Amino acid sequence: MGPRKKSNKFHALVGSSGDDLVQRLSEPKDYINELSHEVLCHIFRYLPMKDIMCMECLSRKLREAVTLYLRVVKVVDLCAGHWWEYMPSGFTDSSFLLLLKKMPDLEQLYGLHPRYLERRRIRGFEAFSIPGVLEALQACPNLLGVETSHLELVEAIWNYMPQVHILGKFRNRNGAFPIPAENKLTIPINAKIQTLHLVGVNVPEIPCVSMLRHLYLKWVRLTKPQPFKDFLCVSLRTFVMRNCAGPTNSLKYVPLITGLASARNLEQLELVRVPFLGGLIQHVVEDSWRSGGFRNLHTIAFGACKNALEVDLGYLIITAARRLHELRIQPSLTKDGVFSALKMAELEFPQFETLHLGYVDEFLLQCKMSHSELVKYGLADVIENPGIITDIGIKVVNEVFTNIKYLLIYNCPHLHNPHHWITDQSRWSRLVDLTLVRCHAIKLESFSQFVELLPSLEFICLDQMFREPPKGCARVGLSAGTGIGVSSALVSNQNSNNDNEDHHHHNEANMPPPPINNINNQRRRQQQQHNGPSGLVQQCRSACANVPKPSQVISDSDSEEEEGLVSRLMPPSCLEQPASCTKGDARYRSQPEGTSKGKTPLRRGNNVAISMAVSDQPKAHAAENSCEKSCQVTSEQIKADMKAATDSSRRSSGKGVTTEAAEATTRPGASGTSEDTPASRTGVRTMTGSLVRVGPAGATSGHAEGAERPSVPLSSGPANVDSVEPRVGAVNNDPRIPGPQTGQGKRQPSSAVASGSQQENFVPRRPLTRSCTRTSSVSLVSETARPRMAVRRKRMADKSTSTSDPVTEDDHVQILSLKSKNLVGITLTNCGITDLVLKDCPKMMFIHATRCRVLKHLRVESAPIVNRFDYAQCKKLDMEQVLDQILRMPPERNRIIYMRPMHQIDSVALERQLFQGPYPYHIAIVHEFSNPPNIRNKVRIRSWMDTIANISQELIKYEFFPEATRTEEDVKKFPKYPWGRDIYTLEGLVDGAPYSMITDFPWLRTLRAADPNGYSRYDFEDDESTTIYAPRRKGQLSADICMETIGEEISERRQSKRGVFQRVVVLFLHHCDTPGEPVDDDYI
């Protein structure tokens, strides 16, 4: 039948018409079937096993070639080299056996990573089971090794096929913490395995495995009471033990350390939360170093080892000095003495590069479990304190490790002045990468000097550094940033309605200290005592800029619930009387319980009485004082604070506190001050002021921004909440206009007080937002005085403050100034700087800032090639200022700016700013709305934005194409849309999320619309349906190839004399955080 069919086909072909003949001859010829079996088998070596098996179905010749190939193949990979993936699904016991029977010469089987295996065969059901896999493997007589990641399968291979090696790295894929009970593995003594990486597994013991080279134990529970009694791995090169649940008795780790000393080729030793006996390593090193123990170590890491001593670490370092590359030291060993002792040893470390001080394992940093929970799950009972190394110790570090390249310091609160780390013996000449995390006491100015002095520094990473002082810290006497928190620790907070208590506790140890001004402290103390529960203080901004600004008048009022709370907590006698004073010694005044708003300051003061203070000092004086004081609180001040607190508590307990407010208002002399008060010593004139009946939340004060004038407190006592008296307060902010004064003891009606200064300065009823106080320069319009209404009022407390007081301070200005000849990039995370200044950074290429709450401004003085800017979740970033700074840089590079704003963006105003401004770039604004954030478009844009610019550069340099300009004259010439640019919009979807791109990029529309050329590549996953522009799909791989496609557009532009810019800028706005709540994102 076969030959006859062929003959018929041939005759039909010959007898057909000429057209049919041409059509048949033009069909593609089947070259594959003409190849020999040997050639086909050679081709199969480069194909994945899945594709080879599919070849069987295509033709008889290919099926024969596949059979021949499988008969001689010795090495098979079921995952095609992707060891992290699973093998193809669909196998059953019978099909897998059939496949391996076709490979009688198989020696090495890689990629045996089944997604699921049954423990035993199921009768009447065709499944993929462990017995079935073992049967198939036993059908290969020459099998030497198998690569797998299945715990039960590897144990079965060890038990039933002990001669088979476990290839590659064995790493189980179902590890977790807490350790799952079903994850079990028993390691036999004769196990043929070189790399064992166990995560979240229950193991009885670690025996003597002679072949083992690399042992990683993470979250491993060692179930036997003596898990290391037979431990001896002489071939071991890597030993890592992290957060394992082992025996709590330190003596049971002695065989582990002695066994490690027997591994003469040990190169990496990492012990995290291993409670070995303190001093044990010292003695083992003394016994074994002559025979090579620990001599070849290049990585040593100690983390949370409860009993580790300095001598243990020191002996290991000294023994491994010749080959040591990397050292990670836990906080308890991060101290000056370790490095001083190493310096005295006078050793050389020729290969040392990386030092991590205060090392804490990432699991402990990211784990949300409490310490007691970790101990309950079997981990060692360890609580880490911060490292106590000082500037002196860091200075010695470079004297010991002269070739250090990478330095990471975590949570060392006793480091203050980095520029002191550099001496004649300690130059840090090879330091390339510097990472500082949670070193809160480091001074910003000193750090800037340090960076300038480092000759080879390329990368800076700052995390939780230079934290801003908590709002209102100075006024309540907190020792912010010292980690001690004297006032908050010693004085009880009597206000039960404290919204910001949690924030205070978080900020206390992590915030840098605020500037301290003794004059302001005295004045704040007076005012806090005068004004009662919610008396407000005029806050002074840190006087980094002494520019006079129009003074603002601000009324702060708390919420109505607080006023009601005060009225409920206070006794009726206090509600009837407007003020309170102490009996006997008036130096320490106490408020009735329930009325104390915030913490009581601890600085000593002399006799304080109800008065109105007006300063005679010039404006600049207060500003200078607020900056001159150091931010650090000295130990003498702390001792004084503690002594004052003790005295205060003793006095208040010994003397009853009574409220005699009526007496204070009627008796002459009650408001008089002694001659030696702090106010009189510092030149503050105290005078009597009329008492106005204002409710607890109605105290008012003038607020002059920029610390122009000292505070003018208006004394008030708690009044009846239901009172219908007008809520009026007069504040005199102008020294030329005398304030209303009356004789002592006389009481004026509140309306008379109001009329005295209502025309000049009137306090509005509604509170101002911080942004209004910063931007408004117009005096506020007064309201007519009217009876108080029961209206809910917004709290003025900023949620990031350390107190619940209504605080309207501006953010403390902290400027990070960078000047470095080799600096390439800086990464800022959770830092408290407000301004970043690039003074002279000729090699700087990128800036990344993430979650920097108060970062606002960027100033670029000289950084010509910086081209990547990432600002993610920076709440207060001044986008207009930052974009203006970047776009005003000379157009020497293409630049991409990635921003994730946390508020709504006025896109029309943004387009006007960028496209109308004097910026010599082609500009693209991309709005991305994916949530959770997708970075596909962002990454792809980087690959083709340079191509667009390269086309323009080629045309300008070699084709005499006109170059566009963007001077101030050009800006004036085009005052309206499209501002002299060819602006268009591209829109689409990426993974279901919309995007839009507003741009004046030339060439892009033509390139997107073009058909693929001969260079097109379809191995790339993107096309125009999944991203803005996919040049590889089009074959547009270079500027030269693209210019062949856009010839027509080039001619049109040349004829219309429309020039192009040589450089482009892309602003990529990701709107996933716009509602104000940051979205979790792995990419940042």
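Helices and strands here are DSSP runs, numbered from the N terminus. With that in hand, let's work through some exercises on this predicted model.

**Exercise 1. Find the cis peptide bond that involves Pro178, and say where Pro178 sits.**

Step 1: Start from the usual case. Most peptide bonds are trans.
Step 2: Look at the bond that joins Phe177 and Pro178. Its omega is about 5°, and the bond is cis.
Step 3: Place the proline. Pro178 belongs to the loop between strand S4 (165–171) and strand S5 (193–199).
Step 4: Follow Phe177 a little further. Its ring is part of a cluster that ring pairs form with Trp219, Phe363 and Tyr377.
Step 5: Now try Asn931 and Pro932. The peptide bond between them is also cis, with omega near 5°, and Pro932 is in the loop between strand S28 (922–928) and helix H30 (936–958).

**Exercise 2. Describe how helices H11 and H12 pack.**

Step 1: Choose the descriptors. Two packed helices are described by the angle between their axes and the distance between the axes.
Step 2: Read them off. H11 (residues 310–319) and H12 (residues 336–345) meet at an angle of about 35°, and their axes are 10 Å apart.
Step 3: Add the handedness. The crossing of H11 and H12 is right-handed.
Step 4: List the contact residues. H11 gives Glu310, Leu313, Gly314, Ile317 and Ile318, while H12 gives Val338, Leu342 and Ala345.
Step 5: Sort them by character. The contact holds six nonpolar residues, one polar and one charged.

**Exercise 3. Is Leu112 buried or exposed, and which residues does Leu112 touch?**

Step 1: Locate the residue. Leu112 is in strand S2 (residues 108–112).
Step 2: Apply the cut-off. Leu112 has a relative accessible area of 0%, and buried means under 20%, so Leu112 is buried.
Step 3: Gather the neighbours. Leaving out residues up to four places away in sequence, Leu112 touches Leu78, Met87, Phe96, Val133, Leu137, Val146, Glu147, Thr148, Ser149 and Leu153.
Step 4: Take one neighbour in detail. Met87 is 25 residues from Leu112 along the chain, yet their C-alpha atoms are separated by 6.3 Å.
Step 5: Set this against the whole chain. Buried residues make up 51% of its 1084 residues.

**Exercise 4. Classify the ring pair of Trp83 and Trp84.**

Step 1: Check the distance. The ring centres are 5.7 Å apart, and rings pair if their centres lie within 6.5 Å.
Step 2: Check the planes. They stand at 90°, so the pair is edge-to-face.
Step 3: Check accessibility. Trp83 counts as exposed, at 55% relative accessibility.

**Exercise 5. What is the phi of Gln464, and what is the phi of Lys1057?**

Step 1: Recall the background. Most residues other than glycine have a negative phi.
Step 2: Read the values. Phi is near 55° in Gln464, and phi is near 55° in Lys1057.
Step 3: Place Gln464. This residue is in the loop between S16 and helix H17 (486–490) and is partly exposed, with a relative accessible area of 22%.
Step 4: Place Lys1057. This residue is in the loop between helix H35 (1047–1055) and strand S31 (1064–1070) and is exposed, at 71% relative accessible area.

Terms used: Residues numbered from 1 in each chain as written. Predicted model: local features only at pLDDT ≥ 70, side-chain atom pairs only at ≥ 80, totals over all residues. Heavy atoms only, no water. Axes fitted to C-alpha atoms, helices over the stretch in contact; angles between N-to-C directions. Helix = DSSP H or I, 4+ residues; strand = E, 2+ residues; numbered from the N terminus. Left-handed = near helix turned anticlockwise from the far one by under 90°. Contact = heavy atoms within 4.5 Å. Nonpolar A, V, L, I, M, F, W, Y, C, P; charged D, E, K, R; others polar. Phe/Tyr/Trp six-rings, centres within 6.5 Å; stacked < 30°, edge-to-face > 60°. Buried < 20%, exposed > 50% of the residue type's maximum accessible area, 1.4 Å probe, protein only.
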